[in-house]
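Here's a quick briefing to read with the structure open beside you. Start with the display below, then work through the topics in whatever order suits you.

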Amino acid sequence: MSIYDKIFPPKKMVLSNGKTVLKPASRLPLIALILVLFTALSVKITGFDLGVLRERGSQFFVILGMMAPPEWGYSTQVWKPLFDTLKMSLLGTVIGAVTVIPFAMAASTNIVKNNAAVGIMRLFLSIVRTLPTLVTALIATYVFGLGTLAGTTAIAVFTFAYMGKILYEEIETADMGAFEAMEAIGATKVRAFVRAIIPQVLPSYISNGLFCFEGNVRYAAILGYVGAGGLGLILNEKLGWREYPSVGMILIMLFVTVFFIETVSRYCRRKLV
Amino acid sequence: MIEFNQVGKTYSNGFQALKDVNLKIEQGEFVAIIGLSGAGKSTLLRTINRMHDITEGTLTVDGVNVMDLRGKALRRFRRRIGMIFQSFNLVTRTRVINNVLMSKVPDLPFFQALFGIFPKKDKLEALEALDKVGILDKAFVRADQLSGGQQQRVALARTLAQNPQIILADEPVASLDPVTAKQVMGDFLRINKEMNITILLNIHHVDLALQYAGRVVGIRAGRIVYDGPATEVTQDILDEIYEGKTEEEAVG
Amino acid sequence: MNKQIEKAYEERPRNTVYQVTVSAIVLALLIWSGSAVDVSKTGLSGVQIAGNIISGIFHPDRKLLFNLTLQGVPYLLLETVCIAFLGTIVGAFLAIPLSFLSASNLMPAPIAYVTRLVIMAVRTIPAFVYGLMFIRVSGPGAFTGLLTMSVCSIGMVSKMYIEAIEDLDTRILESLDACGCNTFQKIRYGILPQLIPNFASTVIYRFDINLRDATVLGLVGAGGIGAPLIFAMNAYRWNEAGAILVGLILLVLIVEYISTRIRVKLARG
C-alpha cells in the first residue's frame with residue numbers, strides 16, 4: 001500500500017451477494033490539481049498572454065516572409081560552412097560514440113559486479129548528460145579557440161552523454177547465456193564480451209549512433225552561434241546584418257541536407273534491425 | 001432463437017464463404033462450431049450480430065431480421081449479443097474494471113460517456129460480473145498484468161456485464177494453454193447453465209468441443225455437414241468434417 | 001571429407017565485398033571529416049583557461065546560489081522550469097493535429113508525406129532563429145522563450161506521437177463495435193485509453209529535454225537561466241557561472257529522476 005492510499009483510504013464496495021471489494025482512490029484529482037496549479041504559476045511567471053498572440057501573432061511571419069525569395073546566388077558561399085558542420089558532427093559523433101564504450105561497460109551491472117562502482121559511473125554519465133551542449137561549446141571555444149575543433153568537442157561530449165545511457169541499458173538487457181557459455185569453455189571475460197555481447201548490442205548501437213548523428217547535424221548548426229564554427233557562424237552573421245534572403249538560402253540548404261541524411265540513415269537503420 | 005434460412009455469403013472478392021446454411025438454435029443451447037481454418041466458422045458467427053453482412057437468404061434473431069437493422073437500431077440489437085475474441089481485445093493499459101465497464105458505455109448519456117462517469121449501479125454490476133468468472137480480486141489491477149487466461153476472463157466478464165441473451169465466442173481458447181482453456185470452457189458451461197444464455201463458439205480443439213458443448217455443428221467449405229448432439233459425433237463424422245485431417249487438427 | 005559438408009562450405013554466404021565497401025566508405029568519411037579540425041589555435045593558455053573554469057565550477061558563488069531575489073539562482077531556475085513546462089504543453093498540443101495528419105494508417109499517403117515534410121522543416125530551423133522571430137511578437141522575455149520552446153518541441157513530440165498512433169491496437173474497436181458502441185464511444189474508450197499514456201510519457205520526456213536545452217534561449221534574450229549563464233561565461237566570471245551550472249545540474253538530475261519514475265509507472269502500471 002502506497003502513501004497515497006493511506007492519505008486517501010480506499011472506498012469499500014458491497015456486492016449484492018455480500019462480498020466486499022476495496023476500490024483504491026483515483027489519483028486523477030491530485031494529478032489534475034498539481035497540473036492546474038503549476039500551469040497557473042507558469043502563466044503568471046512567464047507572462048503568457050493569448051491576447052498578445054492574437055494581436056501580434058502575424059509578426060512572427062514577417063521575418064519568414066522576408067526570407068522569401070531566398071538569395072540563390074549566396075549558395076556558393078554556404079557550401080564550405082555546411083561541410084564544416086557535417087564534418088564536425090560526423091567526427092564528433094564517432095569520437096563520442098567510441099570513447100563511451102568502456103564507460104558504458106563499467107556502468108552495466110551484468111559486466112561489473114561492484115554496485116558502488118556502477119553507481120559512481122552512472123552518476124558521472126548523468127552529470128555529463130545534464131551539461132547543456134551550449135555550455136560545453138562555449139567552454140570548448142575558450143579552450144580550443146574559435147573554430148570547428150570546439151564544435152567537434154562539444155558534439156563529442158553530447159554524443160558521449162546520449163549514447164552512454166542507451167548503451168549500458170542495451171548491454172544490461174543483452175542475453176547473458178552466450179556470455180556464460182563462452183566463459184564456461186574457457187574464454188576470458190574480454191573475449192567473451194567481444195564474441196557474445198557485442199553481436200547482440202552492435203545493431204542497436206550503430207542504429208542509435210546514426211540517430212544521434214542526425215540530431216547532431218541540427219545541433220551543430222546552433223553551435224556556430226557561440227563561435228564553434230560551421231553553419232551557425234554565417235547564420236548568426238546574416239541574421240545580425242538582417243540579410244534575411246541569405247538566411248532563407250542557408251536554411252533551405254540545411255533542410256535539404258538534413259532530409260538527405262535522414263533518408264540515408266533511416267534506410268541504414270531499417271537494414272540493421 | 002437464432003434462425004438461418006438458406007443463408008449464403010459471398011465476399012466482394014468473389015470468395016463464397018457460406019452456402020445454403022440452414023440452422024435453428026434455441027435459447028439456452030451451447031453450440032460448438034467445428035471445422036478447418038477457412039471453412040467459414042468465423043464468418044458464420046459474425047453474421048449473427050452483423051459484423052459481416054449476408055448476401056443470400058434470411059437470418060433472424062428472436063424474430064428480428066438482422067439485415068433490416070441500421071445505425072442505432074443495429075447498435076441496440078448488438079447490446080443483447082455478447083462477443084468474445086481469440087485475442088481478448090482488452091485495453092491493456094487501463095484497469096480491469098474499466099475494461100468491464102466498457103460494455104456499459106453505449107447506455108450512458110453523452111457527457112457521462114465523455115468524462116467516463118459511471119453510475120454506482122454499473123460499477124457494482126461490473127464487479128459482480130468479475131466475481132462470476134472468479135477474478136474479483138483483480139478488479140483494480142491494470143489489465144496488462146494479468147495472464148492470458150485471466151485476460152480472457154475479463155473479456156468474458158465484460159460480455160456478462162452487458163446482460164446478453166447470446167454470447168458469440170470466436171476461438172476463445174485458441175491462445176490459451178490446455179489447462180487454462182479447460183477452465184475458460186468450464187466458465188462458459190456454467191454461465192450457459194446458470195443464466196440460460198445461448199452460447200455459440202468456434203473451436204479448433206475437437207475434444208474440448210465434444211466435452212463441453214451440447215450440440216456440435218460441423219462446417220466444411222461453407223456448408224453445414226453435421227448438426228447434432230455432441231454425444232453422437234463419431235470418428236466418421238469428424239473425418240467428413242475435416243476431410244480426413246482430424247489427427248493433426250485435433251492435436252493442434 | 002563428406003561431400004555435403006564440402007558443398008555447404010563452398011556455398012557459405014560471402015559478403016566480403018559488401019563489408020569492404022562499407023568499411024572503405026566509413027573510413028573515407030572519417031578522414032574527410034578530420035580535415036575540419038584545426039589544432040593550431042590551441043595553446044597553453046587553453047589549458048590554463050580550462051583550469052580556471054573547473055576551479056570556478058567547484059567554487060560556486062554561494063551568494064548567488066542562495067540569493068532569493070529575482071536575480072538569484074533559485075528564481076531563475078523556477079522561471080526556467082515554468083518556461084519549459086508551459087512551452088512543452090503548448091508544443092504538445094500543437095503536435096497533436098500534425099501527428100494525426102501524418103499517421104500513415106489514418107491518412108492517405110500524400111497528405112501524410114507532405115505533413116511529415118512540414119514537421120521536418122519546422123524541426124530544421126534552429127532555436128535562435130525562432131527566438132528572433134518571436135521577439136517581434138512578444139518582445140524579449142520569458143513569454144518569447146516559451147513560444148520558442150513550444151515550436152522547437154513539435155518535431156520530436158509529433159514523431160513519437162506518430163509512432164504511438166501507428167501502433168494502435170485496432171482489435172479493441174472490433175469488440176466495442178460488437179457491444180454496440182458508436183463512433184464517438186469507440187474513440188473515447190478504444191483509442192484514447194491507448195494513446196493517453198503514450199502521449200503523457202512523450203510529453204514528460206520532452207519536458208526533460210526542454211529543461212536541458214533552456215540555456216539556448218538565453219542566446220536571444222528569451223528569458224530563463226540561459227542569458228545570465230552566457231553573460232557570466234563571456235565575462236569570465238567562472239564562480240557565477242559555476243553557481244548557475246550547479247543549480248541547473250541539480251535541478252535537471254532531480255527532474256530526470258522523477259520523470260523516469262513516472263514514465264516507468266505509465267509503461268508498466
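How much area do chain A and chain B bury between them? The figure is about 960 Å², and 68% of it sits on carbon and sulfur atoms. Keep in mind that this is a predicted model. Between chain A and chain C, the buried area is about 5,900 Å².

**Where chain A meets chain B**

- Ten residues of chain A and nine residues of chain B make up this contact.
- On the chain A side, M13(A), L15(A) and V21(A) lose the most area to chain B, and together they account for 47% of what that side buries.
- Looking for charge pairs here? The rule finds zero salt bridges across the interface of chain A and chain B.
- Polar contacts come up empty as well, with a count of zero residue pairs between chain A and chain B where both residues are at pLDDT 80 or more.
- Two strands of chain A, β1 (11–14) and β2 (20–23), each supply at least two residues of the side that touches chain B.
- Of the elements on that side, β2(A) gives the most, with three residues.
- By class, the chain A residues that touch chain B are six nonpolar, two polar and two charged.

**Where chain A meets chain C**

- This contact draws 63 residues from chain A and 68 residues from chain C.
- Carbon and sulfur atoms give 76% of the area buried between chain A and chain C.
- The count of salt bridges between chain A and chain C is two.
- In a salt bridge between these chains, the side chains of E262(A) and R123(C) meet at 3.2 Å, N to O.
- Ten residue pairs are in polar contact between chain A and chain C, counting pairs with both residues at pLDDT 80 or more.
- On the chain A side of this interface, the residues divide into 43 nonpolar, eleven polar and nine charged.
- There's also a salt-bridge network that links R129(A) with D208(C), R212(C) and E256(C).

**The build of chain A**

- Chain A has twelve helices and two strands.
- Along the sequence the pattern opens with a helix, goes through two strands, and then carries on with helices to the end.
- The radius of gyration of chain A is 26 Å, whereas a compact globule of 273 residues would come out near 19 Å.
- Along its principal axes, the C-alpha trace of chain A spans about 80 × 65 × 35 Å.
- Of its 273 residues, 47% count as buried.
- Among the contacts in chain A with a separation of 6 or more, 69% are between residues 24 or more positions apart.

**Salt bridges within a chain**

- Over all chains, a search of the whole structure turns up 30 salt bridges.
- Within chain A, R266(A) pairs with E262(A), and their closest N and O atoms are 3.8 Å apart.
- Both residues sit in helix α12 (residues 244–272) of chain A, and because they are four residues apart, about one helical turn separates them.
- The partners differ in exposure: R266(A) is partly exposed at 40% relative accessible area, while E262(A) counts as buried at 4%.
- In chain B, R80(B) and D62(B) form a salt bridge with 3.3 Å between the closest N and O atoms.
- R80(B) lies in the loop between α2 (71–79) and β6 (81–84) of chain B, and D62(B) in the loop between β4 (56–61) and β5 (64–65), so this pair ties together parts that are 18 residues apart in sequence.
- R80(B) is partly exposed at 29% relative accessible area, and D62(B) is partly exposed at 36%.
- R142(B) and D144(B) also meet in a salt bridge through their side chains, at 3.0 Å from N to O.
- Here R142(B) is buried, with a relative accessible area of 12%, whereas D144(B) is partly exposed at 32%.

**A buried lysine in chain A**

- Where is K238(A) found? K238(A) is in helix α11 (residues 231–240) of chain A.
- K238(A) counts as buried because its relative accessibility is 7%, and the cut-off for buried is under 20%.
- Beyond its neighbours within four places in sequence, K238(A) is in contact with Y74(A), E243(A), S246(A), V247(A) and I250(A).

Conventions. Residues are numbered from 1 along each chain as its sequence is written. Chains are lettered from A and ligands numbered from 1 in the order in which they are written. This is a predicted model: local features need pLDDT of at least 70, side-chain atom pairs count only at pLDDT 80 or more; totals for chains, interfaces and linings use all residues. Side-chain values use heavy atoms; hydrogens and water are left out. Contact means heavy atoms within 4.5 Å. Buried area is the accessible area (1.4 Å probe) that two parts lose on being put together, summed over both. A salt bridge is a side-chain nitrogen of Lys or Arg within 4 Å of a carboxyl oxygen of Asp or Glu. A polar contact is a pair of N or O atoms within 3.5 Å; within protein, one must be able to donate a hydrogen and the other to accept it, and residues adjacent in sequence count only if both atoms are side-chain atoms. Ala, Val, Leu, Ile, Met, Phe, Trp, Tyr, Cys and Pro count as nonpolar, Asp, Glu, Lys and Arg as charged, and the others, Gly among them, as polar. The radius of gyration is taken over C-alpha atoms; the globule rule is 2.2 Å times the number of residues to the power 0.38. Buried means under 20% relative accessible area, exposed over 50%, partly exposed in between (1.4 Å probe, protein chains only).
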